[in-house]
Amino acid sequence: MSLEVIFYFPLFLLGVAAGFLYFTHLFKSINAFGADKGKVMRSMLIRLPIPIVATLLGSLAGIGGIISVLAGFTVFQIYFLVKIGSQLKKEVEEEAEKMAQQEQQAKED
């Protein structure tokens, strides 16, 4: 195993941790504020330093460190969006099924 891999892997994990903090809190604020775009945007700006600080820490290791941090951030972003997307799909399917049952009951009555 190369020494560079051992050096860049913690930076990758730093990117994953930054993604975790950023996206989980973003989704919590979306749930809390609903469709109020101003509050969600303010919440996003408050959390903006998280990935910036992580990238600056990675920059201490050069361009490879920046790439490692951004790769970790992106990996968590993809994981999070797939996870949330599948939850939302499940909720939409359940809601559609309920509506179909209600329509069928209305036709029978």
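**Helical architecture and surface patches of the predicted model**

E94 is placed in helix α4, which covers residues 63-108. The structure described here is a predicted model. With a relative accessibility of 42%, E94 falls in the partly exposed class, since burial requires a value under 20% and full exposure one over 50%. E94 also belongs to a surface patch of negative charge, in which it is joined by E91, E93, E95 and E97.

The overall fold is described by 4 helices and 0 strands. Read from the N terminus, the order of elements is α-α-α-α. The radius of gyration is 20 Å, whereas the globule rule gives 13 Å for 109 residues; the protein is therefore more spread out than a compact globule. Along the principal axes, the C-alpha atoms occupy a box of roughly 70 × 35 × 15 Å. Buried positions account for 23% of the 109 residues.

A second surface feature is nonpolar. L45, L48, I52 and L56 make up this patch, and their accessible area together is about 380 Å². Within the group, I52 is located in helix α3, a segment formed by residues 49-59. The relative accessibility of I52 is 43%, and this residue is accordingly classed as partly exposed.

Helix α2 spans residues 37-47 and contains M44. S43 is likewise a residue of helix α2. The two positions fall into separate accessibility classes: S43 is buried at 10% relative accessibility, while M44 is partly exposed at 27%. The value for S43 lies under the 20% limit that defines a buried residue. In space, S43 is positioned 7.2 Å from L26, C-alpha to C-alpha, across a sequence separation of 17 residues. For M44, the C-alpha distance to F80 is 16 Å, with the two positions 36 residues apart along the chain numbering.

The segment preceding helix α2 was also examined. D36 is situated in the loop that connects α1 (3-33) with α2. This loop residue is partly exposed, at a relative accessibility of 33%. D36 and Q87 are 51 residues apart along the chain, and their C-alpha atoms are separated by 22 Å.

Helix α4, which holds E94, also includes G72. G72 has a relative accessible area of 0% and is therefore buried; E94, by contrast, is partly exposed at 42%. Although G72 and L14 are 58 residues apart along the chain, the separation of their C-alpha atoms is 7.1 Å. L14 falls within the residue range 3-33 given for α1.

In summary, the model presents a helical arrangement without strands and a spread-out form relative to a compact globule. The surface carries a negatively charged patch that includes E94 and a nonpolar patch that includes I52. Among the residues considered individually, G72 and S43 are buried, whereas D36, M44, I52 and E94 are partly exposed.

Conventions. Residues are numbered from 1 along each chain as its sequence is written. This is a predicted model: local features need pLDDT of at least 70, side-chain atom pairs count only at pLDDT 80 or more; totals for chains, interfaces and linings use all residues. Side-chain values use heavy atoms; hydrogens and water are left out. Patches are made of residues with over 30% relative accessible area and no salt bridge: like charges are joined within 9 Å, nonpolar side chains (Val, Leu, Ile, Met, Phe, Trp, Tyr) within 5 Å. Accessible areas come from the Shrake-Rupley method with a 1.4 Å probe; for residues, only the protein chains shown count as cover. A salt bridge is a side-chain nitrogen of Lys or Arg within 4 Å of a carboxyl oxygen of Asp or Glu. Lys and Arg count as positive and Asp and Glu as negative; His and the chain ends are not counted. The place of a charge is taken as NZ of Lys, CZ of Arg, CG of Asp or CD of Glu. Helices (H or I, at least four residues) and strands (E, at least two) are DSSP runs, numbered from the N terminus. Buried means under 20% relative accessible area, exposed over 50%, partly exposed in between (1.4 Å probe, protein chains only). The radius of gyration is taken over C-alpha atoms; the globule rule is 2.2 Å times the number of residues to the power 0.38.
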